[in-house]
Amino acid sequence: MYTMTMPDSSLAKKAAQLVSEISPEFLYNHCMRTYAFGDSLGKKYGLKYDQELFFLGAVLHDVGLTEHVCRKHSFEHEGADHAERFLSSHGVSQEKIDVVREAIILHASEIAAEKQPEIALVHFGAGMDILGLRAEDISEEIVKSVLELYPRLGFKKAIIELIKYDAELKSNHQQQSNLSAALLQAGFERWVLHSPFAE
């Protein structure tokens, strides 16, 4: 039986509360599963990491997709900017903020796998929850326990619709990159639908 251990800090609780308040429930649950799956993989791989720092990157990694934050730039950069403002307002050092920023910006990139554990595990956790990557590295019992704690709530359909909405919303803005559009072009919808999770 998997027991998720969240960092017992005021900052971690405030970050989770923020994401809970501004996100639809399916997205909040995804962020929490990202942490739970990433934490399970980190333990499986024997990695040493700052639990709170990893949690902050995981729970905040998709804030750029919320209506509270979503504006005209690529969501991972808007999310990183919003996370920085939040963390800075709570007195977090710039060194730690930079780690969270990088975790958010690179969470959909394979480059993250080569970074320090707090960054790599956000990528691993999100990749497992969305695409089923590395699912074979943790037990079915752990997966079941995580899904009971944070149900998917029709996640496949919801995340595809959200990424399509985000790409369309920003399609008329002149910018160097749009992660949502790039993901869709690369086959995001197909990848999600073929993941091992039922919904």
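At the start of helix H3 (residues 51-60), a side-chain oxygen of Asp50 comes to within 3.1 Å of the backbone nitrogen of Glu52. Helices (H or I, at least four residues) are DSSP runs, numbered from the N terminus. The structure is a predicted model, in which local features need pLDDT of at least 70, side-chain atom pairs count only at pLDDT 80 or more, and totals for chains, interfaces and linings use all residues. Residues are numbered from 1 along each chain as its sequence is written, and side-chain values use heavy atoms, with hydrogens and water left out.

Helix H3 is largely enclosed by the rest of the structure, because 8 of its 10 residues are buried; buried denotes under 20% relative accessible area (1.4 Å probe, protein chains only). The buried positions are Leu53, Phe54, Phe55, Leu56, Gly57, Ala58, Val59 and Leu60. Their cover includes helices H1 (10-22), H2 (25-44), H4 (75-89), H5 (94-105) and H6 (117-131). Two of these buried residues, Phe54 and Phe55, also belong to a cluster in which ring pairs link them with Tyr35 and Tyr49.

Across the whole structure, 7 aromatic pairs were found, a pair being rings of Phe, Tyr or Trp (its six-membered ring) with centres within 6.5 Å. Tyr28 and Tyr150 form one that is edge-to-face (planes over 60 degrees apart), with 6.4 Å centre to centre and 75° between the planes. Tyr28 lies in helix H2 and Tyr150 in the loop between helix H7 (140-149) and H8, so the pair ties together parts that are 122 residues apart in sequence. Both rings belong to buried residues: Tyr28 has a relative accessibility of 16%, and Tyr150 a relative accessible area of 15%.

Helix H2 also meets helix H8 (residues 155-169); their axes, lines fitted to C-alpha atoms over the stretch in contact with angles from 0 to 180 degrees between N-to-C directions, come within 10 Å and cross at roughly 105°. H2 is therefore roughly perpendicular to H8, a class that spans 65 to 115 degrees. In this contact (heavy atoms within 4.5 Å), Phe26, Leu27, His30 and Arg33 of H2 face Phe155, Ala158, Ile159 and Leu162 of H8. By class, the residues are 6 nonpolar, 1 polar and 1 charged; Ala, Val, Leu, Ile, Met, Phe, Trp, Tyr, Cys and Pro count as nonpolar, Asp, Glu, Lys and Arg as charged, and the others, Gly among them, as polar.

Ser180 is located in helix H9 (residues 179-186) and is buried, at 0% relative accessibility. Apart from neighbours within four places in sequence, Ser180 contacts Leu65, Phe75, Ile163, Asp166 and Ala167.

Technical notes
Buried means under 20% relative accessible area, exposed over 50%, partly exposed in between (1.4 Å probe, protein chains only). Helices (H or I, at least four residues) and strands (E, at least two) are DSSP runs, numbered from the N terminus. A polar contact is a pair of N or O atoms within 3.5 Å; within protein, one must be able to donate a hydrogen and the other to accept it, and residues adjacent in sequence count only if both atoms are side-chain atoms. Angles under 35 degrees count as roughly parallel, over 145 as roughly antiparallel, 65 to 115 as roughly perpendicular and the rest as oblique. Rings of Phe, Tyr and Trp (its six-membered ring) pair if their centres lie within 6.5 Å; planes under 30 degrees apart count as stacked, over 60 as edge-to-face and the rest as tilted.
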